[in-house]
Amino acid sequence: MQIQKQKPHYELLDGLRGVAALMVIWYHVFEAFATSPVDQKFNHGYLAVDFFFVLSGFVLGYAYDDRWKRGLTAGGFMLRRVIRLQPMVIIGVLLGVVSFIVQGCEKWDGTSVSTAAVVLSLILGLFMLPALPGTLPEVRGNGEMFPLNGPSWSLFFEYIGSILYAVILHRLSTRALRAVVIVSGICLAASAVGNFSGAYHLGVGWSVGDYGLIGGFLRLAFSFSIGLLMSRDFKPARIRGAFWLCSAIIIGVACVPYVTPDGEVSVWNGVFDSLCTLVIFPAVVYLGASGFTSDRTSGRICEFFGNISYPVYIIHYPMMYMFYAWVWAHGYTFAQVWPVAVCIFFGSIFLAWFFLKFYDRPVRRFLHRRLGV
């Protein structure tokens, strides 16, 4: 009997996913003090989502492309994705309910929200169904798809990407997939420099209204597809120090201020977003997949960052809701509350580790055994 070789694991990509997730926390912290997209600190932290989509496409293509010929079905693949993603989605929504109750069950404008609305919002969140703007379950009143845990919007698109991969994308020839990448890349860049968002940026997708749904799909379509394309016939170059180089690039991108010559919204920011998404992030994924850890310490860092990356992303925002409400109610500046921000940062990491160890992993192991996948 021939034993199939296990594929090597791209541990650097796990670590880089963690670095990007931690940058998202700081991006969200500074949302509390921004008055517009132009003066937001850690301004381009929203681009971490595009990096996540590239990573997802690359990793899924690498892990599953050769399994379809061996009998993998779309249903079996999606069951694996649900087991991987949904347990932490549930925790994120439940934490969001607690956060909303602590805040007094009020919209941002102070309007009271009924218990029925909260329950309906909870049910929709648990099943990854977006709330439409202005409807009863859109309980915070600012247009979020998932008002109890805003970042769930990217998981909504992650599920869409997984379905498209299972049904269509894995069947495409390399030539056809390349055409998808080119067309979606042109459309994405056009949306950024054409000011579809109203501020020449790609930080869209969190709302169904306006350009949100289309913008989110464009972000997914290009980044996920180019990740898949890169995973086919990937030829790594042996690169030392790739983790630290790529981490510096991710952190640097997140920290770049809004790109404007005059302090107003500018097309140059759209150019920067397009450059990051179309060129820099695919290059970072290539470098990360080509690199290797040369010592035990860096290996452990990558492993830890990779382990907490998804949990920290999906559970940190309920704390942000309470942080925003507190900061806005008192008119605090960052200089006045930075110790609280630091506590939120490290508290998010601890909670991510806690839920990973005592909930997410045990639940996933149980489901895999129970369902035989």
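This tour moves through a predicted model, stop by stop, with a selection to make at each one.

**Stop 1: the N-terminal end and helix H1**

Begin by selecting Tyr10 and Tyr62. Their rings form a tilted aromatic pair, with centres 4.8 Å apart and an angle of 50° between the planes. Tyr10 belongs to the segment before helix H1 (11-31), while Tyr62 is in helix H2 (residues 48-64), so the pair ties together parts that are 52 residues apart in sequence. Tyr10 has a relative accessible area of 19% and is buried. Tyr62 counts as buried as well, at 19% relative accessibility. Both values fall under the 20% limit for the buried class.

Next, add Arg17 and Asp14. These side chains form a salt bridge in which the closest N and O atoms are 2.8 Å apart. Both residues lie in helix H1, three residues apart, which is about one turn of the helix. Asp14 is buried, with a relative accessible area of 16%, whereas Arg17 counts as partly exposed at 23%.

**Stop 2: the loop between H1 and H2**

Select Gln40, which lies in the loop between H1 and H2. Its relative accessible area is 8%, and Gln40 is therefore classed as buried. Display Tyr27 too: the backbone oxygen of Tyr27 is 2.9 Å from a polar atom of the Gln40 side chain.

**Stop 3: a salt bridge between H2 and H7**

Which parts of the chain does the pair of Arg219 and Asp50 link? Select both residues to see the salt bridge, with its closest N and O atoms 2.6 Å apart. The pair connects distant parts of the chain, Arg219 being in helix H7 and Asp50 in helix H2, 169 residues apart. Arg219 is buried, with a relative accessible area of 1%, and Asp50 is buried at 0%.

**Stop 4: two backbone positions with positive phi**

Turn to the backbone and select Cys105. This residue lies in the loop between helix H3 (74-102) and helix H4 (115-126). Cys105 has a positive phi of about 55°, although it is not a glycine. Most residues other than glycine have a negative phi.

Continue to Met128, in the loop between H4 and helix H5 (152-167). Met128 likewise has a positive phi of about 55° without being a glycine. With a relative accessible area of 7%, Met128 is buried.

**Stop 5: around H7, H8 and H9**

Select Phe234 and Tyr286. The two rings form an edge-to-face aromatic pair, 5.4 Å centre to centre and with 75° between the planes. Phe234 is in the loop between helix H7 (212-231) and helix H8 (242-255), and Tyr286 is in helix H9 (residues 267-290), so the pair ties together parts that are 52 residues apart in sequence. Is each ring residue buried or partly exposed? Phe234 is buried, with a relative accessible area of 16%, whereas Tyr286 is partly exposed at 29%.

**Stop 6: charges over rings**

Two selections show an arginine placed over an aromatic ring. For one, choose Arg140 and Tyr321: the charged end of Arg140 sits over the ring of Tyr321, 3.5 Å from its centre. For the other, choose Arg238 and Phe292: Arg238 lies over the face of Phe292, at 4.2 Å from the ring centre.

**Stop 7: an aromatic cluster**

The structure holds 39 aromatic pairs. To see one aromatic cluster, select Trp26, Phe30, Phe33, Phe42, Phe323, Trp326, Tyr332, Phe334, Phe345 and Phe346 together.

**Stop 8: helix H12 and a surface patch**

Move along helix H12 and select Arg364 and Asp360. Their side chains meet in a salt bridge at 3.1 Å, N to O. The two residues both lie in helix H12, four residues apart, about one turn of the helix. Both Arg364 and Asp360 are buried. The salt bridges in the model come to a count of six.

For the final selection, display Phe304, Phe350, Trp353, Phe354 and Phe358 with a surface representation. Together these residues form a nonpolar patch on the surface, with about 510 Å² of accessible area. Which helix gives the most to the nonpolar patch? Helix H12 (residues 334-371) does, with four residues, and Phe350 is found in this helix.

Technical notes: Residues numbered from 1 in each chain as written. Predicted model: local features only at pLDDT ≥ 70, side-chain atom pairs only at ≥ 80, totals over all residues. Heavy atoms only, no water. Patch = residues over 30% accessible without salt bridge, like charges linked within 9 Å, V, L, I, M, F, W, Y side chains within 5 Å. Areas by Shrake-Rupley, 256 points an atom, 1.4 Å probe, with all protein chains shown as cover. Salt bridge = Lys/Arg side-chain N within 4 Å of Asp/Glu carboxyl O. Buried < 20%, exposed > 50% of the residue type's maximum accessible area, 1.4 Å probe, protein only. Phe/Tyr/Trp six-rings, centres within 6.5 Å; stacked < 30°, edge-to-face > 60°. Lys NZ or Arg CZ within 6 Å of the ring centre and 35° of its normal. Polar contact = N/O pair within 3.5 Å; in protein donor to acceptor, adjacent residues only side chain to side chain.
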